[in-house]
Amino acid sequence: MIDNSVLEQMIKEVMANMSEGTSYTEPKASTAKNSTVTDENYPLSEKMTDVIKAPTGKTLDEITIEGVMGGTITSSDVKIAPETLELQAQVAESVGRDAFAKNLRRAAELIAIPDERILEIYNALRPYRSTKEELISIARELEDKYSAHVNAALVMEAAELYEKRGRLKE
């Protein structure tokens with residue numbers, strides 16, 4: 001049986017991180033791009049346990065129910081790292097799922113952005129919610145502050161398309 005106090009503590013940590021705007025971790029330099037992972041390595045959780053790590057650096061073998069129960073595993077230990085998403089993207093590409101690989105890479109960029117800010121950007125991208133200048137400012141923020149190059153390009157593209165289609169805020 002799971003100790004309710006341990007679960008409560010984990011939930012409190014997640015909620016505190018969300019309210020502080022400290023979602024996940026900053027992306028680390030990835031060595032994943034230097035090597036190619038294919039469908040032969042899938043599932044990664046079984047075939048690459050020595051490579052897959054939480055943003056905190058803990059390996060999959062270190063994340064156990066005993067650790068959760070004992071309080072040595074926190075909510076930060078069970079979040080996905082950008083490097084893991086890159087490895088998953090490589091697997092997707094190896095089986096011809098390029099669009100899915102692009103989605104995984106976009107997701108990897110978003111990990112460094114606080115959840116609250118992602119929701120604000122999402123709302124700003126809805127038609128008639130932002131001016132072109134506001135969208136360009138968001139794209140620059142994504143590029144400069146978070147190194148989210150792919151997502152920044154998408155926001156710039158949205159700004160151009162919204163202008164052409166008359167979907168910008170007046």
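Good morning. I shall begin with helix α7, which has 15 residues and reaches 20 Å from its first C-alpha to its last, close to the 21 Å expected at 1.5 Å a residue. Please bear in mind that what we are viewing is a predicted model.

Which residues of α7 are buried? They are K132, L135, I136, I138, A139, E141, L142 and Y146. The list thus includes K132 and E141 alongside residues such as L135 and L142. As general background, an α-helix has 3.6 residues a turn, so residues three or four places apart point the same way. The cover over the buried residues of α7 includes α6 and α8. Directly after α7 comes S147, with a positive phi near 55 degrees.

This leads to the largest nonpolar core, a group of 14 residues. Those with the most contacts inside this core are I113, L135, I138, L142, Y146, A148 and V155. Three helices each supply at least two of the core residues: α6, spanning 115-124, α7, spanning 132-146, and α8, spanning 149-165. Which helix gives the largest share? That is α7, with 5 residues. In soluble globular proteins, nonpolar side chains tend to be buried together.

Let us take V155 as one member of this core. Setting aside neighbours within four places in sequence, V155 is in contact with L125, L135, I138, A139 and L142. Of these partners, L135, I138, A139 and L142 also appear among the buried residues of α7. Another core, of 7 residues, lies apart from the one just described, and L85, A89, A101 and L104 are among its members.

I turn now to A107, in helix α5, which covers residues 98-110. Is A107 buried, partly exposed or exposed? Its relative accessibility is 30%, and A107 therefore counts as partly exposed. The C-alpha atoms of A107 and V150 are separated by 9.9 Å, although the two residues are 43 apart along the chain.

My last residue is D77, in the loop between α3, residues 65-70, and α4, residues 82-94. Why does D77 count as buried? The reason is a relative accessibility of 3%, where buried means under 20%. The side chain of D77 reaches the backbone nitrogen of T74 at 2.7 Å. Not counting residues up to four places away in sequence, D77 also touches A54, T56, K58, I63 and T72.

To close, I would return to α7, the helix that supplies 5 residues to the largest nonpolar core. Thank you.

Note on methods
Residues are numbered from 1 along each chain as its sequence is written. This is a predicted model: local features need pLDDT of at least 70, side-chain atom pairs count only at pLDDT 80 or more; totals for chains, interfaces and linings use all residues. Side-chain values use heavy atoms; hydrogens and water are left out. A nonpolar core is a set of buried Ala, Val, Leu, Ile, Met, Phe, Trp, Tyr and Cys residues joined through side-chain atoms within 4.5 Å. Buried means under 20% relative accessible area, exposed over 50%, partly exposed in between (1.4 Å probe, protein chains only). Helices (H or I, at least four residues) and strands (E, at least two) are DSSP runs, numbered from the N terminus. Contact means heavy atoms within 4.5 Å. The expected span of a helix is 1.5 Å times one less than its number of residues. A polar contact is a pair of N or O atoms within 3.5 Å; within protein, one must be able to donate a hydrogen and the other to accept it, and residues adjacent in sequence count only if both atoms are side-chain atoms.
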